[in-house]
Protein chains: 2
Amino acid sequence: MRPVVIAGVGMIPFERRDEDSLVDMLAMAGLKAMDDANLGDRPVDAVYVGNMASGLFNHQVSVASALVDRLNLMPAAADRIENGPASGGSAVKNGFLAVASGYCDIVLVVGGEKMREVIGPKATDIVACMTHPNAEYIYGVTLPALAGMFTRLYMEKYGVTREHLTMVAVKNQENGLLNPYAHIQMKITMEGVLTHPQAHVNSPVVADPIHLYDCCPVSDGAAAVLLTTEDIANELKRPIVTIAGVGQATDTHTLQERSDPTDLKAVTIASQKAFSMSGIKPKDIDVAELHDAFTILEIAESEHAGFFSKGQGAKALAAGETQIGGKLPINPSGGLKARGHPVGATGVAQVVELVWQLRGEAGKRQVKGAVNGFSLNFGGFGNNVIAFVLRSKS
Amino acid sequence: MRPVVIAGVGMIPFERRDEDSLVDMLAMAGLKAMDDANLGDRPVDAVYVGNMASGLFNHQVSVASALVDRLNLMPAAADRIENGPASGGSAVKNGFLAVASGYCDIVLVVGGEKMREVIGPKATDIVACMTHPNAEYIYGVTLPALAGMFTRLYMEKYGVTREHLTMVAVKNQENGLLNPYAHIQMKITMEGVLTHPQAHVNSPVVADPIHLYDCCPVSDGAAAVLLTTEDIANELKRPIVTIAGVGQATDTHTLQERSDPTDLKAVTIASQKAFSMSGIKPKDIDVAELHDAFTILEIAESEHAGFFSKGQGAKALAAGETQIGGKLPINPSGGLKARGHPVGATGVAQVVELVWQLRGEAGKRQVKGAVNGFSLNFGGFGNNVIAFVLRSKS
C-alpha cells in the first residue's frame with residue numbers, strides 16, 4: 001500500500017442550518033478542503049460522501065453524484081458510504097483505500113448530515129433505524145435508551161459516578177467554547193448540572209441514569225478531507241499529515257448478545273488494528289478525538305482504545321489528564337457533545353480536528369507540540385467502529 | 001495494484017419475496033458466494049453491501065454491520081455503499097479496491113434490495129429520490145418520465161423505432177425463460193405487444209413512448225461475489241475469473257443540463273476506463289450485461305460502451321447480433337427487464353452472471369466459449385455509471 005496523506009481539510013460550523021440543503025453543506029465543506037489543499041484545477045479522481053440517512057432525513061438519495069455535479073468535478077467517481085454514525089469514518093477509510101491502491105491519486109471525502117429537517121422525536125426514530133429491527137426497534141429501543149442501560153452497567157462495574165459523566169460534559173463544553181465550529185457554545189458547571197436547586201430543570205433525565213447534558217445535540221453540518229499521495233502533497237506545498245493506521249471492526253448487532261455488554265470489543269479491535277498498522281502505540285498519542293455521543297462513551301472508549309486500563313478512564317478524567325494541557329487531551333474540539341453530531345459528518349470532523357491539531361492550527365484549543373493523533377468513530381451501539389492514527393511529518 | 005479474483009458467486013431468485021427481510025436475502029446470497037468459493041472457515045476481512053434505499057423501503061439503516069452479525073463474520077469490517085441503481089457496482093468497486101490495495105485479502109460483496117415492502121406508486125417515488133430535488137423531483141419527475149423523454153429523443157435522432165424497443169423486451173424475456181433466477185418468466189411476442197387487438201392492454205403506455213414492456217419490474221432480490229487474491233483463489237481450488245478493468249464516471253445530475261441529452265458521457269467514459277485498464281477491447285468481449293431498466297438503455301449503452309457506433313445498436317439488435325448465439329450476446333441473463341431490478345442487487349447480479357458465463361456454468365443460456373465479459377451498471381439517469389471487464393483464466 002502506498003502512503004496516503006491528508007493535503008487539505010475543511011468544515012462548516014455545526015449548528016441548525018435551515019437555509020442550507022444537505023448538498024449545499026457538503027459542497028461548502030468540500031470546497032474548503034480543496035482550497036486548503038491548494039488544489040487549483042487539478043482533477044479530483046473520486047468523491048466519497050459519508051452520510052447516514054439522507055433518504056429518511058431529506059427524502060433524497062445518491063447525494064455523492066449530486067455533490068460531484070454541484071462541485072463541477074465530473075467525471076469523478078462518486079460513492080456514498082453509510083455506516084450509521086460511523087459513516088464519516090467509513091468514507092475516509094474507503095477514500096484511503098482508493099489512494100492506497102493506486103487506483104486514484106486525488107480523492108475528496110466529505111461527511112455530512114442534515115438532521116434538523118425533521119421535527120422533534122422523528123430524528124430519534126430515524127437514528128434508531130440502526131438498531132435490530134426485530135430484537136430492538138419494535139420494542140421502542142432508541143439510542144439514548146441503549147446508552148442509558150450501558151451507562152448503568154458501566155457505573156456499577158467500574159465505579160463510574162454521575163460526577164464523572166458530568167465532568168466529560170463540562171470539559172467538552174469548555175473546549176467547545178474555544179472552537180468556532182462547535183454547535184453548543186455554552187459554559188456549564190458541575191454545580192449547575194448536579195447540585196443547583198434547578199439542576200433537574202437544567203439537565204433533566206433522558207434515559208436514567210443519562211441526563212440531557214450527557215447527550216450530544218442534534219445538528220446539521222459537514223466536514224471534508226482531501227486525500228492524496230505524498231508526492232502530490234509536496235507539489236501542492238502542503239504540510240504532510242499521513243494516515244498511518246486504519247482499523248475497523250464489528251460486533252454483534254444487539255447489546256444483549258454480548259457476553260459482557262460493557263466490553264466494547266469492536267472498539268478494542270479497531271484501535272489495535274490502527275495502532276498495529278501505524279507502528280505507533282497508545283502512549284505515543286498526543287491528542288485524541290473520541291465518539292462521545294453520550295458522556296459514558298468517552299470514558300469507555302478511552303479505556304478500550306488502550307489509553308487507560310479498564311476502570312481507570314474516569315480517574316484519569318477526574319485528575320485532569322484528558323483536558324487540554326493534560327497528559328492526553330481528549331476531544332479538544334468539544335467532541336460530539338459540544339461540536340455536535342450531524343451523524344455522517346462526525347467521523348470526518350474528527351479527522352479534520354486532528355489535522356488542525358497536528359499542523360498547529362487549532363488556535364485557542366491547540367494541544368502543544370502534537371505529532372500523533374487518534375480518532376474513533378463509533379457506529380450502531382459499538383457494532384461498527386473505525387479508528388485512525390494520524391502522524392504529522394512537519 | 002495486485003490482481004483481484006472472483007472466487008465465488010451466489011444469488012437468490014429475484015421475485016416478490018414477502019417472507020424474507022432485506023438482511024435475510026443478503027445473508028442467503030452471501031452464504032452461497034462463500035460456499036461457492038469453498039471458503040470453509042477462513043476469515044472474511046470485510047463485507048460491502050450495495051443497497052440503494054433500505055431506510056426508505058424498509059425503515060432500516062446500517063445493514064452492512066447487520067449482515068456481518070447475521071453471518072457471524074465479526075469482527076469483519078462492514079460498509080454499505082449507496083449509489084442509486086449503481087449501488088451494486090459501486091460496492092464491487094470498493095471491495096475490489098480493498099483487495100487491490102493489500103488492506104484486505106478476502107472480501108464479501110453483497111447487493112440487495114427489498115422494494116416490494118412498500119405499496120404501489122410509493123416504490124416509484126422512492127426511486128425518484130435520486131433525481132434533482134429542486135430541478136426535477138418537485139415537478140413530479142420519475143425515472144419512467146425521464147426515460148420516456150430520453151427514448152423520444154433517441155428515436156428521433158437515431159431512427160430507433162418502437163419495433164426496436166420491443167425487440168429488446170422480446171429477446172430479454174426469452175433469455176429470462178432460460179434463467180431460473182429471473183423474476184419474469186413469460187414469453188412475449190412482437191405481435192402481442194405491437195399489433196394484436198389487445199396490445200394496448202398487454203403493454204399499455206407508461207410514459208409515452210415507453211410502454212409497460214419497455215420497463216423492468218419492481219423486484220426483491222440479492223446477489224453476492226467473494227473477492228480475493230489469485231493465490232488464495234488457487235488454494236481454494238476455484239476457477240480464476242479476474243476483475244481486469246474497473247471504470248466509473250459521473251455526469252450532470254439533470255438531463256436538461258447536458259449539451260446533448262442523448263449523449264451518455266458517463267457510459268462512454270466509464271467503459272473506456274474499464275477497457276483501458278484491462279487491455280481488452282470492445283471487439284474482444286464475448287458476453288455483456290447491460291443496464292436495461294428501460295429497453296432504450298440496452299440499445300444506447302451498447303453504442304456508448306463501444307460495441308456499436310452511434311445509431312447502429314438497434315440495427316445490430318434487429319440483425320440478431322445481440323442474441324445468445326449472436327456476435328455479441330447482450331443480457332443472456334434476461335437483463336433487468338426479465339431478471340428484475342432490485343436496485344442495489346443489480347450491479348452485483350450482472351457480475352455474477354458474467355462469472356457463470358465465463359466459467360461455462362450458465363446452463364441453457366450459456367454463451368459458448370466466453371472468455372471476456374463486460375458489465376455496465378447505470379445510476380441516476382446516467383449520472384453515475386460503473387463498468388467492469390472480467391477475464392477468465394481457465
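## Worked exercises on a two-chain model

Just after helix 3 of chain A, Asn72(A) takes a positive phi of about 55°. This is a predicted model, in which local features need pLDDT of at least 70, side-chain atom pairs count only at pLDDT 80 or more, and totals for chains, interfaces and linings use all residues. Residues are numbered from 1 along each chain as its sequence is written, while chains are lettered from A and ligands numbered from 1 in the order in which they are written. Helices (H or I, at least four residues) and strands (E, at least two) are DSSP runs, numbered from the N terminus.

**Exercise 1.** Work out how many residues of helix 3 of chain A are buried.

*Solution.* Start with the criterion: a residue is buried if 20 or more other C-beta atoms, placed from the backbone, lie within 10 Å of its own. Applied to helix 3 (residues 63–70) of chain A, this gives 7 of the 8 residues as buried, so the helix is largely enclosed by the rest of the structure. The buried ones are Val63(A), Ala64(A), Ser65(A), Ala66(A), Leu67(A), Val68(A) and Asp69(A).

**Exercise 2.** Find the operation that lays chain A on chain B.

*Solution.* Superpose the copies by least squares on the C-alpha atoms of residues with pLDDT of at least 70 in both. A turn of 180° with a shift of 0.0 Å along the axis does the job, at an RMSD of 0.0 Å. That is the relation of a two-fold axis. In chain A, the C-alpha nearest this axis belongs to Ser101(A), 1.9 Å away.

**Exercise 3.** Describe the side of chain A that touches chain B.

*Solution.* First count contacts (C-beta atoms, placed from the backbone, within 7 Å): 49 residues of chain A meet 49 residues of chain B. Next, look at the elements giving two or more residues, among them helix 2 (54–58), helix 4 (87–100) and helix 11 (265–278) of chain A. Strand 3 of chain A has the largest share, 6 residues. Then sort by class, with Ala, Val, Leu, Ile, Met, Phe, Trp, Tyr, Cys and Pro as nonpolar, Asp, Glu, Lys and Arg as charged, and the others, Gly among them, as polar. The tally is 24 nonpolar, 19 polar and 6 charged residues.

Finally, check for pairing, which needs at least two DSSP bridges between two strands. Strand 3 of chain A and strand 3 (residues 77–82) of chain B pair in the antiparallel sense over 3 bridges. Here Glu82(A) stands opposite Arg80(B).

**Exercise 4.** Place strand 10 of chain B among its neighbours and say how it is covered.

*Solution.* Begin with burial: 8 of the 8 residues of strand 10 (residues 372–379) of chain B are buried. Both faces are covered, with Asn372(B), Phe374(B), Leu376(B) and Phe378(B) on one side and Gly373(B), Ser375(B), Asn377(B) and Gly379(B) on the other.

Now take the partners. Strand 9 (residues 287–289) of chain B runs parallel to strand 10 of chain B, joined by 3 bridges, and Val287(B) has Gly373(B) as its bridge partner. Strand 11 (residues 384–392) of chain B runs antiparallel to strand 10 of chain B, joined by 8 bridges, and Phe374(B) stands opposite Val389(B). To finish, note that strands 10 and 11 of chain B form a hairpin with 4 residues between them, where Gly380(B) in the turn has a positive phi of about 60°.

Key: Buried ≥ 20, exposed ≤ 12 C-beta atoms within 10 Å, placed from the backbone. Contact = placed C-beta atoms within 7 Å.
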